Amino acid sequence: MANIHDVARKAQVSVATVSRVLNKSSAVSFTTKIKVEQAITELNYEPSTLGRNLRKLESRLLLVMIPSISNPFYTDVIKGIEDTAINLDYNILLCQTNSNPKRESIYFNLIKNHLADGIISMDPTVNKKNLMDLAENHPIIQCSEYDIDGSIAYTTINNELAAYHAIRYLIKIGHTKIALLNSDEKFLYARERRQGYERALREFGIELNQSWMYNAESLGFEGGQQAMRQLLTHSNRPTAVFAVSDILAIGALNEIHASGLHIPNDIALVGFDNISFSTMTHPTLTTISQPMFKMGCMAANMIINKIQGKKVESIILDHDLVIREST
């Protein structure tokens, strides 16, 4: 395999000149540049990307931090990040934290030691103070979940408005007994989606029933089942349920079926995210659609711009209400 010294001998130039051509330096004449490029082609020389990046103190690597790969919401976001990164000559490393501070610290150290160039954090459980401290000297972007009081740029949707639109739709098709199937309110998105739910009820003069507001123990299928099981024990049963994630909604859907009730005749159901599974349920799931792929593309562009020293502003993306058979 040819090395840089072989290229220099064939082109009859110095190793330093070959290096300048590889690094696209303007301090090389056009004629010399052509000679070096021809030698590279004839020798089938492949420069060491690692060596070049180390000399430039860059890795061309982006860390993408998520709490768990099991949540299908992240799939399309990651696709958007990866497609955009690769097009801009970057690679990504998917970092599953499992909400574990030790893992989080390992990934933060990759940035501190210049083994990665930037972080896209999608982890709602991340230690906010540590993330803020790291962002003072290193490029960091938040995606979907963010710190409302922080200074780190982010891309997301308006969760409060999206939930408001979902509840307003349920009210307009005749529902006044609407339950909220929520996640842990230590997460910003859960608080914002509850606020949208409450805002819509207030606007239409519907009394808030605390017994119809349930915080699931986990953001998963089983959490949705357990929460729906509790809601179905009420003598004054709700006629509609708004779940703050499709996975919770699908768990609730399963429990409604198991109880012998019909969707939407007995209980209407609305989810949130528009993951691919929402079209595979029976009936198909009405849901709030987040532009997940676009969100990932935006996050990747933002972090690369930040790495390059450009000013980066937060971006709020649009959402849609996708009406299907469950309502």
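**View 1. The open parallel sheet of the predicted model**. Six strands make up this sheet, in the order 2-1-3-4-5-11, and their pairing is parallel. Strand 2 (91-96) and strand 11 (315-317) are at the edges; each has a single partner strand, so one side of each is left without a neighbour in the sheet. On average, neighbouring strands of the sheet are turned by 20 degrees against each other, direction ignored.

**View 2. Pairing of strand 1 with strand 3**. Residues 61-66 (strand 1) and residues 118-121 (strand 3) are joined by 4 bridges in the parallel sense. Leu62 has Gly118 of strand 3 as its bridge partner.

**View 3. Helices 5 and 6 across the strands**. Helix 5, residues 73-87, lies across strands 1, 2, 3 and 4, the last of these being residues 140-143. Helix 5 runs at about 155 degrees to strand 2. Helix 6, residues 101-112, lies across strands 1, 2 and 3, and runs at about 160 degrees to strand 1.

**View 4. The largest nonpolar core**. This core holds 70 residues, and those with the most contacts inside it are Met122, Ile167, Leu170, Ile178, Leu181 and Phe242. Helix 8 (residues 159-172) contributes the largest share of the core, 8 residues.

**View 5. Surroundings of Leu170, and a second core**. With neighbours within four places in sequence left aside, Leu170 is in contact with His175, Ile178, Ala240, Ala268, Val270 and Thr327. Separate from the largest core is a second one of 15 residues, including Met65, Cys95, Met132 and Ile140.

Methods
Residues numbered from 1 in each chain as written. Predicted model: local features only at pLDDT ≥ 70, side-chain atom pairs only at ≥ 80, totals over all residues. Heavy atoms only, no water. Pairing = 2+ DSSP bridges. Helix = DSSP H or I, 4+ residues; strand = E, 2+ residues; numbered from the N terminus. Axes fitted to C-alpha atoms, helices over the stretch in contact; angles between N-to-C directions. Contact = heavy atoms within 4.5 Å. Core = buried A, V, L, I, M, F, W, Y, C linked by side-chain atoms within 4.5 Å. Buried < 20%, exposed > 50% of the residue type's maximum accessible area, 1.4 Å probe, protein only.
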